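Thanks, everyone, for making the time. I would like to walk through one strand and its neighbours, and then turn to how the nonpolar side chains are grouped.

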Amino acid sequence: MDWADFGVDLHLDLDASGGRRAGLERALRDAIRDGRLPPSTRLPATRALAAELGLSRGTVSAAYDQLVAEGWLVARIGAGTEVSPLRRAAPAAVPPPPGPAPFRYDLRPGSPDVGLFPVTAWLRAVRRALAVAPAEAYGYGDPRGRPELRDALAGYLGRARGVLADPERIVVTTGYVQALVLLTTVLRDAGTPAVAMEDPGLAFHREVVRRHGGTVLPLPVDERGARTDLLGTGRLARVGAAVVTPAHQYPTGVTLHPSRRHVLTDWARTGGGLVVEDDYDGEFRYDRQPVGAVQGTAPEQVAYVGTAAKTLGPALRLAWLVLPARLVDPVVDAKHHLDLHTETIGQLALADLIDTHGYDRQVRTVRRRYRQRRDLLLARLGGRSALDGISAGLHATVQLPADGPDEPEVLATAAAHGLGLSGLAAHHHQVAGQPPGLVIGYARPPAHAYPAALDLLARVLPGPRA
């Protein structure tokens with residue numbers, strides 16, 4: 001057919017892999033979208049186009065009808081079928097998201113070795129859980145989370161972390177960040193948006209609180225952990241909550257001193273404040289039994305937050321809040337209006353993994369692996385760079401010599417050699433004037449790459465070679 005008779009020069013390339021009608025629809029949409037069929041162009045009659053393309057007239061009629069229904073074409077009695085006169089703006093080009101950093105070796109903190117995810121055990125847990133799951137489990141769920149997981153968590157947290165966890169006070173969240181968002185939202189709505197957060201601490205978490213209506217105030221950290229003695233005084237006199245990492249402070253690596261634990265809970269009891277206990281790596285203590293959670297001593301003053309991100313993997317997006325009674329309803333309401341509920345299949349599988357003690361086995365396995373990595377890091381650095389903090393967790397802090405290259409220079413040198421590192425200064429609320437240092441995440445690299453990553457670290461660190 002000579003499309004020039006209709007005012008255009010057009011070739012239609014039909015891909016009939018999904019059906020002839022669908023192929024014609026797709027070809028016509030593409031021609032209209034890219035301007036080969038301009039607005040108001042009259043199309044051939046269905047009989048003529050069918051003969052030209054070797055299709056049935058009914059196929060062409062159905063394609064025209066579908067495109068009319070979608071607004072691509074306009075059919076007028078006595079005037080045939082035309083391209084819609086409305087011009088369709090091409091979608092704005094969106095730049096691709098930034099790709100992963102081009103590091104050969106990545107020693108930045110914040111991630112476990114995802115290669116340690118227990119694939120076989122997880123598959124078994126999923127099969128067992130789905131085999132007995134009731135039909136209603138596949139519908140919309142309780143904002144608090146599946147009862148199977150809340151029951152399993154109550155038992156596990158009680159024996160492993162010393163948490164007093166009633167299943168009715170547990171809310172399953174889509175990761176730690178969502179837990180922080182929910183608590184910030186409830187505090188904001190209650191008129192107590194000021195939140196004390198450890199200094200140094202994770203800058204991303206501070207930004208999460210700010211973006212959801214909270215006001216962030218620095219809570220200094222020293223060798224005994226967070227300065228809880230400052231709560232209720234000065235600028236911290238009117239904070240509604242304090243977010244702390246008592247078992248293993250991030251990033252300094254210290255444990256909150258017992259006396260400061262008492263001061264923290266006393267502050268919350270007497271002033272009505274809320275302690276948000278971030279127990280992100282509480283299971284990973286290497287030199288002794290892990291220190292129990294603060295929540296066990298003050299369950300009505302502490303909102304305990306735990307996560308499977310470090311023990312299993314961040315991809316699961318599973319975390320949990322254990323709440324004081326007064327916060328259960330407002331947090332559940334906030335969760336309901338945020339995303340209804342956390343996905344169900346992962347909850348059921350995790351509940352099975354905990355009940356069959358597969359989760360305990362996983363914790364023991366990764367604890368042993370990460371302890372070996374920390375020991376290897378310490379040995380590889382020799383005596384020239386001491387690791388700050390206790391023997392625990394998935395990261396270590398190294399102070400840089402004051403008379404050597406500054407922190408940005410060391411980070412740039414490492415990056416130039418293909419090594420990803422994180423600076424300590426950026427973790428402070430005010431970066432300027434902070435002592436230089438590095439926060440080394442020794443869990444992230446796969447096992448086969450870890451020794452080479454440490455060799456490269458030893459080369460880029462200032463000071464005499466080991």
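Let me begin with a single pairing, in which glutamate 277 has tyrosine 304 of β10 as its bridge partner. Please keep in mind that what you are looking at is a predicted model. That bridge belongs to a wider contact, since strand β9, residues 274–278, and β10 run in the parallel sense and pair over 4 bridges. β10 also pairs with strand β11, residues 319–322, here in the antiparallel sense and again over 4 bridges, and within β11 it is leucine 321 that stands opposite valine 305.

Now, is β10 itself mostly covered or mostly open? The strand spans residues 302–307, and 6 of its 6 residues are buried, so that we can call it mostly covered. As a general point, side chains in a regular strand alternate between the two faces of the sheet. In β10, Val302, Tyr304 and Gly306 point one way while Ala303, Val305 and Thr307 point the other way, and residues on both sides are buried.

Let me move from the strand to the cores. In the largest nonpolar core, which has 30 residues, the members that touch the most others are Leu107, Tyr370, Leu377, Leu419, Leu421 and Leu457. Several elements give two or more residues to this core, among them α11 (358–381), β13 (395–399) and α13 (450–460), and α13 provides the largest share, with 6 residues. There is also a second, separate core of 28 residues, whose members include Val163, Ala293, Leu316 and Val322.

Note on methods: Residues numbered from 1 in each chain as written. Predicted model: local features only at pLDDT ≥ 70, side-chain atom pairs only at ≥ 80, totals over all residues. Heavy atoms only, no water. Buried < 20%, exposed > 50% of the residue type's maximum accessible area, 1.4 Å probe, protein only. Pairing = 2+ DSSP bridges. Core = buried A, V, L, I, M, F, W, Y, C linked by side-chain atoms within 4.5 Å.
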